[in-house]
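Colleague: Please take a close look at one part of this model for me. I would like the second largest pocket, and then whatever helps to place it beside the other features.

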Amino acid sequence: MRRRASLVLLALAVFCAALAPLLRWYAYPRLAKIPPNQYQEMVLEAKDATLLDYTGGMQPKKVDKVTIVQTLKGNVEASREIEASAGKDVVVWDTLSYIIGPDGKMVSQIPERYIFDAHTQDPVHATGEMVDGDAVKRQGIEFKWPFFTEPRDYLYFDAQTRTSSPIHYVGPRRFKGMDVYYFEQTIPWTKVAMPKKMPIEGIDPATIEAATGTTLWYTAKVRFWVDPVTGAPVNAEQDIQQEMRGGIASGGPDGKLTAFAGHVTMREDYSDYTVDLVKANRAKVLALHTYAPAGLAAGGLALLGLALWLEARGRRVRDDERVPRDDERVPRDDERVPRDGVSA
């Protein structure tokens, strides 16, 4: 029975030892993916901001709050079409940044289509990749860092400038009980395209620069607190400035007019929701990547040790119970030979 049990334990140890690397290097890359049908909503606010009053003389004024509602919707049908030619799991996010003034009316809205690898988060270039209707070819990441984010700089895409530049790793931080990585990026003053959707009906942004000579410029300092396991930002802050420069609207060739200036932060209730969501997904990713493979490897070693112990114990018992051969048998008292060779 001991020998049979040791063989069973040895088989289980081999099974665990084989399953551990299979789970880590085969199952994990295929199971740790962004779902193609993800839907998420986020609300950000800029309190005590400066906003251009488009209907009140085109002058900047202080407002109590500007609200930015960001929606993210996974386009399953589009991802399946791109996957057919890309040969890998692809996620297509259709996003919309909807900016609302203090009166509840729209200031502008910017749609995006972001296409990326479901596991690595690397951009995938395909027809439909755009920002506000303009075709783009992203380099680097946007919205989300890769699983198991490294403490280093990354190339990050900025939707306003339609360009990518390094976002710098600053160091570890604590945020609402989580150990996170903190990143910063500064966008210098850059001429950008005007939003195609403006608060004044009948204005075509494409013709504003040609007709008035006025251009839109933008600068920002962006901060992200990122969970290194899932690569998901749990908090984001931006110091954004936009200026109308030159032309009739800004008062002459050297004129400047603030279109927006404010410190944008995530609303507290959405921040709490994001932290809870990331914590739940973090446990799943760690189970696939670390806990299950390590547990299987440790279990395999324990089973192997137990199998060897049972086998060794069984051999000792068999040696003790083995019937001695004739030349090993201990003679009876009546068979013992005296020292002088005379039988008793």
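**The second largest pocket**

Modeller: By class, eight nonpolar, two polar and four charged residues make up the lining of the second largest pocket. Keep in mind that this is a predicted model. The space in this pocket comes to about 280 Å³. Its lining has 14 residues, and the closest to the centre are Asp 53, Tyr 54, Thr 55, Asp 103 and Lys 105. Three elements give two or more residues each: β1 (39–53), β2 (59–74) and β4 (106–117). β1 supplies the largest share, with three residues.

Now the enclosed space. The structure holds one cavity of 30 Å³ or more. The volume of the largest cavity is about 30 Å³. Ile 110, Asp 132, Gln 160, Arg 162, Ala 193, Met 194 and Pro 195 form its lining. By class, that lining has four nonpolar residues, one polar and two charged.

Last, the strands further along the chain. β10 (residues 215–226) and β11 (residues 233–245) run antiparallel, joined by twelve bridges. One pairing sets Phe 224 against Ala 236 in β11. The two strands form a hairpin with six residues between them. In that turn, Gly 231 has a positive phi of about 75 degrees. β11 also pairs onward: nine bridges join it to β12 (residues 256–266), again antiparallel. There, Gln 242 has Phe 260 in β12 as its bridge partner. β11 is thus bridged to β10 and to β12.

Terms used:
Residues are numbered from 1 along each chain as its sequence is written. This is a predicted model: local features need pLDDT of at least 70, side-chain atom pairs count only at pLDDT 80 or more; totals for chains, interfaces and linings use all residues. Side-chain values use heavy atoms; hydrogens and water are left out. Two strands pair if DSSP finds at least two bridges between them. Helices (H or I, at least four residues) and strands (E, at least two) are DSSP runs, numbered from the N terminus. On a 1 Å grid over the protein atoms alone, a cavity is a set of points where a 1.4 Å probe fits but cannot get out, and a pocket is an open set with protein on both sides within 12 Å along at least five of seven lines; lining residues have an atom within 4 Å of a point. Grid points are joined across faces, edges and corners, and a volume is the space filled by probe spheres set on the points. Ala, Val, Leu, Ile, Met, Phe, Trp, Tyr, Cys and Pro count as nonpolar, Asp, Glu, Lys and Arg as charged, and the others, Gly among them, as polar.
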